[in-house]
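Student: I should like a close look at a single part of this structure. Please describe one helix, its surroundings and the charged pairs associated with that region.

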Amino acid sequence: MLQRWNRAFSHLSRLGSQSQKNLNLRNDFYVISRQSYKKAAATATVAPTTSDNVEMRFPRNETAVNLDKMFWSKPCSLALDPSSPLRIEEPKYEGIKHVMLKLMLFYSKQSRSIRGANAVYSRITSQVDEPAIYEVFNLEKTFKTTFSLLVLHMWLCLRRLKEEGKEGVEFGQYLYEIYNHDVELRVSQAGVNLLLTKWMKDLERIFYGNIVAYDAAIVPEAKQDELPNVIWRNVFSDDGSLKPDAAAAQTVQAMARYASREVSCLSLTDKDAMFSGNFMFTPLKNVKAKPI
């Protein structure tokens, strides 16, 4: 996938020189500038200077998290409790308003599916846009890492939806369209307005390439280290290496356990919760820091 990223970044570099003579792509888009994992890991262990505080999107945990002890618990359903205030319920209208909305197909299967897909995608972005996931896995929040995490969580949901057969696949298509629109907005907000279609096609190829790689990494016949290696290449690596080095291995293994556990948890999550978006990924912001 790295070659595709490099091609996409080269497109953005040319775009920058054409659209704004003085555009600094490192500052205005990256936000796309990719800091090596080793450098990110090093900054987490060194007390930040004043300039570091300006550049850091999120503060680091003062106490290191013991990743070796995380994501080993028994998988469980991610469905929200019926009394949870985080649940998203279908609006209930009566009288003439109900009749009018029914005539406008508000209660049609397609409309319900679109609302459900929006709710599911809100769960994905809630997990991916929170500082916690970057802090726990020691990631710099850049366009590249955010996009990679969006794809990972989209894969988790799409894989679960496929277990529901044709209905799940159709629902997944609505979810993908919402995701695609959101990514386009994120790219535009990052400063890309020219050649947007070409940039989106590059991201689409990366999306499908990652999905195929994740699927292949969790089949029974896959090698034991296949999922960690895929996560390393898709999320962490910026130098083309196929496997994580010793400095990154602990974090990559932890994310692989997280992803694998979410796969099992989502399989235990009932259909109604999946189609209504009434589930939550395993929370990371309440993870307690444990001294190493």
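Tutor: In this predicted model, a suitable part is helix α9, whose buried residues are Gly168, Phe171, Gly172, Leu175, Tyr176, Ile178, Tyr179, Asp182, Val183, Arg186 and Val187. These buried residues pack against four helices: α6 (109-129), α8 (143-162), α10 (196-217) and α13 (271-276). Helix α9 itself covers residues 166-189, and its length can be checked: at 1.5 Å a residue, its 24 residues should span 34 Å, and the end C-alpha atoms lie 35 Å apart, which agrees. After α9 comes Gly191, which has a positive phi, near 110°.

One charged contact involves α9 directly. Glu167 and Lys271 form a salt bridge in which the closest N and O atoms are 2.8 Å apart. Because Glu167 belongs to α9 and Lys271 to α13, this pair ties together parts that are 104 residues apart in sequence. Glu167 is partly exposed, with a relative accessible area of 31%, and Lys271 also counts as partly exposed, at 31%.

A network of salt bridges links Arg159, Arg160, Glu163 and Glu164. Within this group, the side chains of Arg160 and Glu163 meet at 3.7 Å, N to O. Arg160 is buried, at 4% relative accessible area, whereas Glu163 is partly exposed, at 42%.

Helix α6, one of the packing partners of α9, contributes Arg112 to a further salt bridge, with Glu90. Their side chains meet at 3.4 Å, N to O; Glu90 lies in the loop between α4 (50-55) and α5 (95-103), 22 residues from Arg112.

Notes:
Residues numbered from 1 in each chain as written. Predicted model: local features only at pLDDT ≥ 70, side-chain atom pairs only at ≥ 80, totals over all residues. Heavy atoms only, no water. Helix = DSSP H or I, 4+ residues; strand = E, 2+ residues; numbered from the N terminus. Expected span 1.5 Å × (residues − 1). Buried < 20%, exposed > 50% of the residue type's maximum accessible area, 1.4 Å probe, protein only. Contact = heavy atoms within 4.5 Å. Salt bridge = Lys/Arg side-chain N within 4 Å of Asp/Glu carboxyl O.
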